[in-house]
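Got your viewer open? Let's take a walk through this protein together, stop by stop.

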Amino acid sequence: PAQVAPRVLLAAARQRAGDPATAIGLLAPIATAGDGCVLLFSKQHALARYASALLADGRCEQALDWAQRACAAPAEDVRSRVVAAEVLAESLAVAGRDEEARIAAQRAVNLAYATEQSSERHGADSLNDRLASPRS
């Protein structure tokens, strides 16, 4: 459990650096492990990051599956719930399920504004704006 936070952070950094395969390798053991305390990051957050890495690696069906699992996983923190909803919206959009993607993006916005914590608002707003526009 103590390795979860560093793995999630390193995986996010590797994904942003254009290396989703390494991110997947770092996150797969966390995603497939049973429930339990993961300290700094909720299981939901780790699953969402795993889904995001799969999506970045072009594994759209797997990403959608893991994004749905992330949304179903329990989490008490706002950030994890927003990240899970955002990744679900992205996965649905890539799958061509535009209306569902817009609904998930709006859910991310609603979650981001549900508390005084504002760190996730900009990202949720940006995603919602992008998905609200019809594709050409």
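Before anything else, a word on naming: helices (H or I, at least four residues) and strands (E, at least two) are DSSP runs, numbered from the N terminus. Switch on the cartoon view, and you have 7 helices and 0 strands to look at. Follow the chain from the N terminus and the order reads α-α-α-α-α-α-α.

Some housekeeping: this is a predicted model, in which local features need pLDDT of at least 70, side-chain atom pairs count only at pLDDT 80 or more, and totals for chains, interfaces and linings use all residues. Residues are numbered from 1 along each chain as its sequence is written, and side-chain values use heavy atoms, with hydrogens and water left out.

**The whole protein**

Zoom out. The C-alpha atoms fill a box of roughly 40 × 35 × 25 Å along the principal axes. The radius of gyration (taken over C-alpha atoms) is compared with a globule rule, 2.2 Å times the number of residues to the power 0.38. A compact globule of 136 residues would come out near 14 Å, and the protein has 14 Å, so the two agree.

Now show the surface. About 7200 Å² is exposed, and carbon and sulfur atoms supply 52% of that; such areas come from the Shrake-Rupley method with a 1.4 Å probe, and for residues only the protein chains shown count as cover. For single residues, buried means under 20% relative accessible area, exposed over 50%, and partly exposed in between (1.4 Å probe, protein chains only). Of the 136 residues, 44% count as buried.

How are the contacts spread along the chain? Among those between residues at least 6 apart in sequence, 57% join residues at least 24 apart. Contact here means heavy atoms within 4.5 Å.

**Stop one: helix α5**

Select residues 78-94, which make up helix α5, and pick out S80. Is S80 buried or exposed? S80 counts as buried, because its relative accessibility is 1%. Turn on side chains: the one of S80 makes a polar contact with the side chain of D77, at 2.7 Å. (A polar contact is a pair of N or O atoms within 3.5 Å; within protein, one must be able to donate a hydrogen and the other to accept it, and residues adjacent in sequence count only if both atoms are side-chain atoms.) Leaving out residues up to four places away in sequence, S80 touches S42, Q44, H45 and A75.

Next, click on R81, also in helix α5. R81 counts as partly exposed, because its relative accessibility is 28%. D77 turns up again here: its backbone oxygen lies 3.4 Å from a polar atom of the R81 side chain. Beyond four places in sequence, R81 is in contact with Q44, A75, E76 and L111. Try a distance label too: from R81 to V4, 77 residues apart along the chain, the C-alpha atoms are separated by 17 Å.

**Stop two: helix α7**

Move on to residues 121-132, helix α7, and select G123. At 35% relative accessibility, G123 counts as partly exposed. Its C-alpha is 9.1 Å from that of A108, 15 residues apart along the chain.

Then take A124, in helix α7 as well. With a relative accessible area of 0%, A124 is buried. Which residues does A124 touch, not counting those up to four places away in sequence? The list is V82, E86, A108, V109 and A112. S42, which you met as a partner of S80, has its C-alpha 19 Å from the one of A124.

**Last stop: helix α1**

Finish with A13, in helix α1 (residues 4-16). A13 is partly exposed, at 36% relative accessibility. Draw one more line, from A13 to S118: they are 105 residues apart in sequence and 22 Å apart in space, C-alpha to C-alpha.
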